[in-house]
Amino acid sequence: MIRSDTDEGADDDGMGDGTREDADGATGTGRRWRRDPQWTRATLVDTLLELTAEGAREPTRKAIAERAGVSERTVFVHFADREALYVTAAERQAGRWQALAKPVPPEWPADRKVRALVAQRALMYELMTPIRKVGLRLEADSPGLRRVMADGDAWLRADLAELFAPELRRTSGARRPGGLLDALDAASSWAAWDHLRTRRGLDVGPTGAALRRTLRALLDAAGTRGEPGGV
């Protein structure tokens, strides 16, 4: 959450106005009111992300309001329902983890590209994991969350395909269902990362090493068995 010495209040009619309030938490003195609905929305979203990062499975309106320093009704003044809040949070976090991607030249040797890719994915996956796990629990009833996660998966796949375009061009059937691109996508996916981190209890370093080993093996196999030109 964006740390601040400000609180936010709602109008007496319960409709709220995006007002922000600075307050001394112990004495309630020194309050400064200001109309700023964008700040209020951003604070609520960042509060949700903060709570999920701390391990909350599905932060409640009450928990979000208490942490943000607002009334419960203020949450839905700015978000029509829970889905709207969670979708906005997922979109914000997607923008953050996508910003961690740095250009990697496709012309680099495959091993160097694998190392760069896994280093970036490690940062991305660690950032996205808390809100993604919430999304996976809620997606059955949330078209918005399904869309955000699907868009994120498509972004990751496109990034992968661009990075390994030379290898894909040299491998027969690389883009067909079950081909090299699908294999690389699965091996570098968040699901693979989370399996090792959560189920196997591995730290980031060993998890990254396992993904690098798998990606190299796939590329090596494609290099020895593939036939040029069959994308």
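**Notebook: Thr 207 and the cores**

I began with the neighbours of Thr 207: leaving aside residues up to four places away in sequence, Thr 207 touches Trp 193, Leu 196, Arg 197 and Leu 202. A reminder to myself: this is a predicted model.

Next I looked up where Thr 207 sits, and found it in helix 10, which covers residues 204-225. Is Thr 207 buried or exposed? I noted a relative accessible area of 0%, so Thr 207 is buried.

I then checked the polar side of this residue. A polar atom of the Thr 207 side chain lies 2.8 Å from the backbone oxygen of Asp 203. I also looked up Asp 194, which is 13 residues from Thr 207 along the chain; their C-alpha atoms are separated by 9.0 Å.

After that I turned to the largest nonpolar core, which has 29 residues. Which of them touch the most other members? My list reads Tyr 125, Phe 164, Leu 180, Leu 184 and Leu 215. I saw that helix 4 (82-98), helix 5 (110-138), helix 6 (143-163), helix 8 (180-187), helix 9 (190-199) and helix 10 each supply at least two residues of this core. Helix 5 gives the most, with 8 residues.

I picked Tyr 125 for a further look. Not counting residues up to four places away in sequence, Tyr 125 touches Leu 156, Ser 188, Ser 189, Trp 190 and Trp 193. Trp 193 was already in my notes as a contact of Thr 207.

Last entry: I found a second, separate core of 21 residues, with Leu 48, Ala 65, Ala 68 and Ala 90 among them.

Key:
Residues are numbered from 1 along each chain as its sequence is written. This is a predicted model: local features need pLDDT of at least 70, side-chain atom pairs count only at pLDDT 80 or more; totals for chains, interfaces and linings use all residues. Side-chain values use heavy atoms; hydrogens and water are left out. Helices (H or I, at least four residues) and strands (E, at least two) are DSSP runs, numbered from the N terminus. Buried means under 20% relative accessible area, exposed over 50%, partly exposed in between (1.4 Å probe, protein chains only). A polar contact is a pair of N or O atoms within 3.5 Å; within protein, one must be able to donate a hydrogen and the other to accept it, and residues adjacent in sequence count only if both atoms are side-chain atoms. Contact means heavy atoms within 4.5 Å. A nonpolar core is a set of buried Ala, Val, Leu, Ile, Met, Phe, Trp, Tyr and Cys residues joined through side-chain atoms within 4.5 Å.
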